[in-house]
Amino acid sequence: MEVLYKSTRGNGETVTASQAILKGLSDDGGLFVPTSIPALDVPMEKLAAMSYQEVAYEVMSRFLTDFTEDELKNCIANAYDAKFDTEEIAPLTKADGVYYLELFHGATIAFKDMALSILPHLMTTAAKKNGVKNEIVILTATSGDTGKAAMAGFADVPGTRIIVFYPKNGVSPIQEKQMVTQKGKNTHVVAIHGNFDDAQTGVKKMFNDKELGKELADKGFQFSSANSINIGRLVPQVVYYVYAYANLVKNGEIADGEKINVTVPTGNFGNILAAFYAKQMGLPIAKLICASNENKVLFDFFRTGVYDRNRDFILTTSPSMDILISSNLERLIYRIAGNSEAADRELMQDLAKDGKYEITDAMKKELADFYGNYASEQETADAIAKLYSDTGYVIDTHTAVAAAVYGKYREETYDETKTVIASTASPYKFTSSVLAAIAPEYDTLPVLEQVDKLSALANTEIPRAIEEIRTAPVLHTTECDVDQMPETVRAFLK
Ligand SMILES: *Cc1c(COP(=O)(O)O)cnc(C)c1O
C-alpha cells in the first residue's frame, strides 16, 4: 500500500516519501507525517532470523513506498557496512536486568549514525528519482552528535554540500574535536555564539527565507535538512526497535508477542517518536518512557499538558539532550489532536509567539502510552557509578539519564515488564563526565589520556572514532553570531 506524506501544518496536500526526504521541512513550516502508519506485516519468527540489513528493508520499505526494492536495498547496503564496528549493527547488552540497545557502533559512536549513515543515500536516490539538478545543501544545527554524524555521512558524496552550526560552548571537547577535524571538500562547520536552540531557530529561519532560497537556486543550490525532523531520519530509527524486539525473541529473553517497555534519553523527540511509530506498526511495546535531563520541558509537559520553553537553558553533562524545543514532538501533537492540521498550527503559533502551549484534556488522554521523568546531574552520575560497580558495564551520560529515569519509573510503578534502554552514545564520547562518575581521581588528566584510563577500567577497546582524532588536524575554524548565519552560508556558497 502506498504511504504518502503531508505537513502537520498544511492543507492536506500530499507528497511522496522521496519528495518529503528531499524537502526535509514543509514550506508551511510543518513536519511531514505519513498519512497512515503501515502495519508490520511480517511474522516475528521471520524477523528474528534476519540480519539488521534485512530487518531494515522490511521496515523501511513499508514507509518509503516510492523507492524500488533495488534502490532501497542499495541504500541499506551502503549505510550499514564496515563503518560499524560490529556485524550486528545494533547489539543488545543485558546488565542489571535491563537490555541496553547499543546504538553507538557507527562512525561517530553515537546513535545519530543509525539514521545519518543512510540519509545521504536516501537523499541522492530521491534527487535522482525526482529529476533534481541542483546541488543539495544540507543545513544542520547540532547539539553535538548530529553535526558530526551528518558530515561523516555526507562527506564527499557527489551532488551534496553540508553546513553544520553548533553552539560554541555547548558541546563536549571530544564532540568539538570530531567536528573541527572533519574531512571532505563539501563539509563546513561553524561555531555560533549562542546555544543549540539559537542554532536550530537560525537554521529554521533560513529554510523559511524565500529570498535566500531564490538567491541560492539561481546559483544551482537547494537546501535540505539532515536534522531529525527529516522523515529520512525518522524511518531508519524505527528499524532498531523492531530489530531489538526480534533479537529478544530469538534469544529466548521474551516470548513472541510479549510486551516490552522502551526507555529513551530524549532531546528533540526523534528517537522516542520512532519507538512510538514502531508501536503503531504493531510492535508489542507497552510503555514509552521518555527520559529528560535537567532541561525537563518534556517531563513537565507529560505531567501538566503545558509545553513551556520559557525557562533557563541548562548546560548539562548530556549536551545532546540540552534542548528546550523538541521539534519532533510536533508530530505527536498532530496525532493526538486527531491528525488535525488546524489544531497543530494553532499550538505551534502559540509556541512561536509565547514560547508555550497547552493541550486539551482529550489530547492528554492520548498520551497514556508515555511516561515522562527526568534525572538531575547527580542522579545521572550516580546511575553510571552504580551500574559500573554492580556489573562492570560502563554507560555514557545520556544513557545514564535514561537508566536513572527508568529506576524512578520502577520505584513508582513496580512494573516488572522487560525493558530496553536506548543506549545512545559510547562512553568514550563523554569520557570526562563518565570518568568523573567512576574514577574522579583522573579528573585533571588531558582528555585523550582519560580515554586510556577508561579503556582500562571498562575493559573495552578504544573506538576507531576516538583513535582518529588523536592526530587529526583542525580544518574548520569559522565562528559567527546568530544573526550572521545567513551571511556565513552565502560566503560558503559563493
Ligand atoms: C541526539 C541524542 C539524543 C536525543 O535524541 P532525540 O532523537 O533528539 O530525542 C540522546 N542521546 C544522544 C547521545 C544523542 O546524540
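**A ligand and two annotated domains**

The end C-alpha atoms of residues 92–420 lie 9 Å apart, and this span is 47% helix and 19% strand (helices, H or I of at least four residues, and strands, E of at least two, are DSSP runs numbered from the N terminus). This is a predicted model in which local features need pLDDT of at least 70 and side-chain atom pairs count only at pLDDT 80 or more, while totals for chains, interfaces and linings use all residues. Residues are numbered from 1 along each chain as its sequence is written, and side-chain values use heavy atoms, with hydrogens and water left out.

Student: Which annotation does UniProt give for residues 92–420?

Tutor: The record is an unreviewed entry. UniProt positions follow the numbering used here, feature names are shortened, and annotations may be inferred rather than shown by experiment. The name listed for residues 92–420 is "domain: Tryptophan synthase beta chain-like PALP".

Student: How many residues surround the ligand?

Tutor: A residue is counted if one of its heavy atoms lies within 4 Å of the ligand. The closest are Lys112, Asp145, Gly267, Asn268 and Thr424. The number of surrounding residues is 15.

Student: What is the distance from a polar side-chain atom of lysine 112 to an oxygen atom of the ligand?

Tutor: A polar contact is a pair of N or O atoms within 3.5 Å. A polar backbone atom of phenylalanine 269 is 3.0 Å from a ligand oxygen atom, and for a backbone N or O atom of glycine 270 the distance is 3.2 Å. For the side chain of lysine 112, the distance is 2.5 Å.

Note on methods. Polar contact = N/O pair within 3.5 Å; in protein donor to acceptor, adjacent residues only side chain to side chain.
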